[in-house]
Amino acid sequence: MLTKTVTVKVPEYLYEESQRLTTLGLFRDFSDLITAGLRREIREAQELLAIEPDDWQTRLTSLRTQIRKKQTKNGKKKKETEADLLAALRATRKQIWAKEYRPRYRLGA
Amino acid sequence: MLDTNEFIFGLTETKQSCVDLLDNFDSLTAIIPAMILREVRTNLESRYQLGKEFFRLLAAGKNITILWADPPLELIEKHIALGFAEEDAAIAAAAEWAGAEFVISENRHFLQKSRGLTFQTINAETALKWLRL
């Protein structure tokens, strides 16, 4: 297989985690892990792009219908209140910021 | 620019003004920072395993710009100095960086602030009136 050498920038915490997984023997090396990740992302993106585009309202209605079905299936007959949902969204934002975005910046403690 | 809560409230039909805003989304010129994209996807995935469906929805939008690049540190620091929590400062920084006119959010942490901002913070109900949607 032909290969190409490229330079990639990755967040430090991802690099450290990848080193741990490599050490555990889950991947041959860092390149093997990156290649596996790229294969997965490209396959998923191709699946998404292969879909015939709908108009906004059609797609919106479809997504809402799917959410309603899942809510019923999950037994969430009583919807979360606005306040509960806002608190949950704030918690997710805090987590994503701390884990994925904050490490990209040199902010004070 | 729409905050995560507008998408989630509008998709889950939690709040009628947010439902109406998403119904009229195609008539807006919208900016979505990558972090908001990530948040909406994470929330839809963890609750309904429908994270990817959000991308299909966006693919059907006409006037959406996704801001993939991270906003500069100086703008985040500016918004922290204005009283935003770090994670909200990143969103506010993205809004300023992208030149957004409005940030539409149901988050009171956004709505209570106006001093020093280059954009106006309004909720969906106000957006529907002001933007005549």
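**Contacts and burial in a two-chain model**

Mentor: In this predicted model, B:Met35 touches A:Ile96 and A:Tyr101 as well as B:Ala90, B:Ile91 and B:Ala94, leaving aside residues up to four places away in sequence.

Trainee: What makes A:Ile96 and A:Tyr101 count as residues that B:Met35 touches?

Mentor: Two residues are in contact if their C-beta atoms, placed from the backbone, lie within 7 Å, and A:Ile96 and A:Tyr101 are among the residues listed as touching B:Met35 on that basis.

Trainee: How many residues does each chain give to the contact, and which elements of chain B take part?

Mentor: Chain B contributes 34 residues and chain A contributes 29 residues. On the side of chain B that touches chain A, two or more residues come from each of helix H1 (4-11), helix H3 (34-48), helix H4 (51-59), helix H5 (73-81) and helix H6 (86-98). By class, that side of chain B holds 14 nonpolar, eight polar and 12 charged residues.

Trainee: Which residues have the most contacts inside the largest nonpolar core?

Mentor: That core has 46 residues, and B:Met35 is one of those with the most contacts inside it, together with B:Ile8, B:Leu21, B:Ala90, B:Ile91 and B:Ala95. Its largest share, seven residues, is supplied by H6(B).

Trainee: Why is B:Asp3 called buried?

Mentor: B:Asp3 has 28 C-beta neighbours inside 10 Å, and the cut-off for a buried residue is 20 or more, so B:Asp3 counts as buried. B:Asp3 lies in the segment before H1 of chain B, and the residues that B:Asp3 touches include B:Ile36, B:Ile91, B:Val103 and B:Phe110, not counting residues up to four places away in sequence.

Note on methods. Residues numbered from 1 in each chain as written. Chains lettered and ligands numbered in written order. Predicted model: local features only at pLDDT ≥ 70, side-chain atom pairs only at ≥ 80, totals over all residues. Helix = DSSP H or I, 4+ residues; strand = E, 2+ residues; numbered from the N terminus. Nonpolar A, V, L, I, M, F, W, Y, C, P; charged D, E, K, R; others polar. Core = buried A, V, L, I, M, F, W, Y, C linked by C-beta atoms within 7 Å. Buried ≥ 20, exposed ≤ 12 C-beta atoms within 10 Å, placed from the backbone.
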